[in-house]
Amino acid sequence: MRKLFAVMALSVLAAHVMAAVSPEEAAKLGTTLTPVGAEKAGNADGSIPAWTGGIPKNAGAVDSKGFLADPFANEKPLFVITAATVDKYKDKLSDGQVAMFKRYPETYKIPVYPTHRTVNLPPDIYESIKRSALNVHAINDGNGLENFTGNRYYAFPIPKNGVEVLWNHITRYHGGNLKRIITQATPQTNGSYTPIRFEEEVAVPQAIPDIDQAKAANVLSFFKQSVTAPARLAGNVLLVHETLDQVKEPRLAWIYNAGQRRVRRAPQVSYDGPGTASDGLRTTDNFDMFSGAPDRYDWKLVGKKEMYIPYNSYKLDSPTLKYDDIIKAGHINQDLTRYELHRVWEVVGTVKPSERHIYAKRHMYIDEDSWQVALVDHYDGRGQLWRVAEGHAQFYYDHQVPAYTVETLYDIIAGRYIALGMKNEEKRSFVFGFAAKAADYTPAALRSEGVR
């Protein structure tokens, strides 16, 4: 009998650990917490203001190509951190940012501007978030989600551990179905580069009217990426079915190779497989700062802290800029960047003893207002800091969508980097809410997509 009670007690404890939050906790969303789970109050000295609803949809003009005016264009930096002053601000910088000052003492800088908590989401997304808080819980050791239904966004707005914080980044709102034309650069140490141009689509099952919802129950999103330049790569197409529980059902990926005119399964498009046309400078799961399955790491939640992170990067997205204005030797043009003081969730991922990955540790900092990863320090198997990622974020106020302007990943050992997501010279900005069809995201559709 004693053994039976012990087993029952353990069962109750396990259910409690994996359960969704209580109605009392969920009631904090929109009251003491913002509707997405951030602290609504500002900090003690007022350098981080209270969240008062974000900026409105008409915060600035939108040009004919969909590019947004900078609502803070008249602001000047409060101060600029340089190699000479970095020690004064180290407590609010990542180790990777400090290392960038040591690697590029003459050119790397961090201009710090007033903080603006710009993020606000559509009302139906807020309703989805509260539903997630009450119903979603983790399965398969935190590597899958259960009861994540309807509009599937922000699985754990009141997280209890590190993997739940990471899931909020993975399941965040991208504006529904999204199309974009972007450019990637992998400069040599002298700054020379060849632009790689992508046309990409992200579609979510709940916004595809003709999809079989039962068959797509474990699909978080569909991703399609076509390379359109340079000529030697043009015509290659990647298709990914991103699954929610990648332990139960691993990510499905296919590649159409234009040279071979064949569609093939692509299991290498996962974890530390090489990123598309990245010259070995990023892994597949470096895309979107982190993407894919979290199962190879143990994720420790350190807590929250205040940090200088890239934010409201409207200047960096200006259509008046050329890519040559942005891409420089060693790092992007920091004069075009904007950093602000924000609260972030600090999470450390360490590779499990039974797994392998070229990054033995990932030290992540995730913005509380958007749940986007803002900074990541990547360490190799020797414990040496290797790559430093910065996600230069902006809020697309006209569509109420947080996203990245540019993702940078700096190899501080090799002195090279990759910049992904630039669209300054493209014919238009992001397209949100396009009409998607289920047939567009099948392997059979890749051949027609990849015709040169």
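What pLDDT does the chain average, and what share of the residues scores at least 70? I looked up confidence before anything else, as this is a predicted model. The chain averages a pLDDT of 94, and 95% of the residues score at least 70.

**Entry 1. Confidence by element**

I then compared the elements of the chain. Strand β2 (residues 110-112) has the highest mean pLDDT, 99, and helix α1 (residues 2-18) the lowest, 41. Over residues 1-17 the pLDDT is below 50, and beyond near neighbours in sequence this stretch has 0 contacts in the model.

**Entry 2. Helix α5**

I checked the length of helix α5 against expectation. Helix α5 covers residues 123-135, and its 13 residues should span 18 Å at 1.5 Å a residue; I found its end C-alpha atoms 19 Å apart, which agrees.

Next I asked which residues of α5 are buried. They are I125, Y126, S128, I129, S132 and A133. These residues cover an arc of only 160° around the axis, so they sit on the same side of α5. P123 and E127 are exposed on the other side of the helix. I looked for what covers the buried residues of α5, and the cover includes α2 (23-26).

**Entry 3. Nonpolar cores**

I noted the general expectation beforehand: in soluble globular proteins, nonpolar side chains tend to be buried together. The largest nonpolar core here has 82 residues, of which L121, I129, L145, Y154 and W299 touch the most other members. Helix α6 (residues 162-170) gives the most to this core, with 5 residues. Apart from this core lies another, of 33 residues, among them I81, F101, L336 and M422.

I129 thus appears twice in my notes, as a buried residue of α5 and as one of the core members with the most partners.

I also listed the surroundings of W299. Leaving aside neighbours within four places in sequence, W299 is in contact with G162, V163, L166, F290, P294, V347, V348, G349, R362 and M364.

**Entry 4. Buried polar side chains in loops**

Is Q372 buried or exposed? Q372 lies in the loop between β13 (361-367) and β14 (373-379). Its relative accessibility is 3%, so Q372 counts as buried. A polar atom of the Q372 side chain lies 3.2 Å from the backbone nitrogen of A403. Not counting residues up to four places away in sequence, Q372 touches H169, R172, Y365, I366, D367, A393, P402, A403 and Y404. A403 is therefore recorded both as a contact of Q372 and, under the buried cut-off of 20%, as a partner of a residue that qualifies as buried.

H331 was the second residue I examined in this way. H331 is found in the loop between α7 (323-326) and β12 (339-351). With a relative accessible area of 4%, H331 is buried. Its side chain reaches the backbone nitrogen of Y108 at 3.5 Å. Beyond four places in sequence, H331 touches M100, Y104, T107, Y108, Y410 and Y417.

**Entry 5. Loop residues with more exposure**

I located P114 in the loop between β2 and α5. P114 counts as partly exposed, at 23% relative accessibility. Its contacts, leaving aside neighbours within four places in sequence, are E75, K76, L78, R338 and E340. From P114 to D298 I found 35 Å, C-alpha to C-alpha, with their positions 184 residues apart in sequence.

G383 has its place in the loop between β14 and β15 (385-396). G383 is exposed, with a relative accessible area of 51%. G383 and V202 are 181 residues apart in sequence and 35 Å apart in space, C-alpha to C-alpha.

**Entry 6. Backbone geometry**

Which residues does the cis peptide bond join? It joins A229 and P230, with omega about 5°. P230 lies in the loop between β7 (219-229) and β8 (237-243).

I then recorded positive phi values outside glycine. Phi of R261 is near 55°. R261 is in the loop between β9 (252-257) and β10 (262-265), and it counts as exposed at 51% relative accessibility. Y271 has a positive phi of about 45°. Y271 lies in the loop between β10 and β11 (297-310). In contrast to R261, which is exposed, Y271 is buried, with a relative accessible area of 16%.

Methods: Residues are numbered from 1 along each chain as its sequence is written. This is a predicted model: local features need pLDDT of at least 70, side-chain atom pairs count only at pLDDT 80 or more; totals for chains, interfaces and linings use all residues. Side-chain values use heavy atoms; hydrogens and water are left out. Helices (H or I, at least four residues) and strands (E, at least two) are DSSP runs, numbered from the N terminus. The expected span of a helix is 1.5 Å times one less than its number of residues. Buried means under 20% relative accessible area, exposed over 50%, partly exposed in between (1.4 Å probe, protein chains only). The arc is that of the directions from the helix axis to the C-beta atoms. Contact means heavy atoms within 4.5 Å. A polar contact is a pair of N or O atoms within 3.5 Å; within protein, one must be able to donate a hydrogen and the other to accept it, and residues adjacent in sequence count only if both atoms are side-chain atoms. pLDDT is the predictor's confidence in each residue, from 0 to 100. A nonpolar core is a set of buried Ala, Val, Leu, Ile, Met, Phe, Trp, Tyr and Cys residues joined through side-chain atoms within 4.5 Å.
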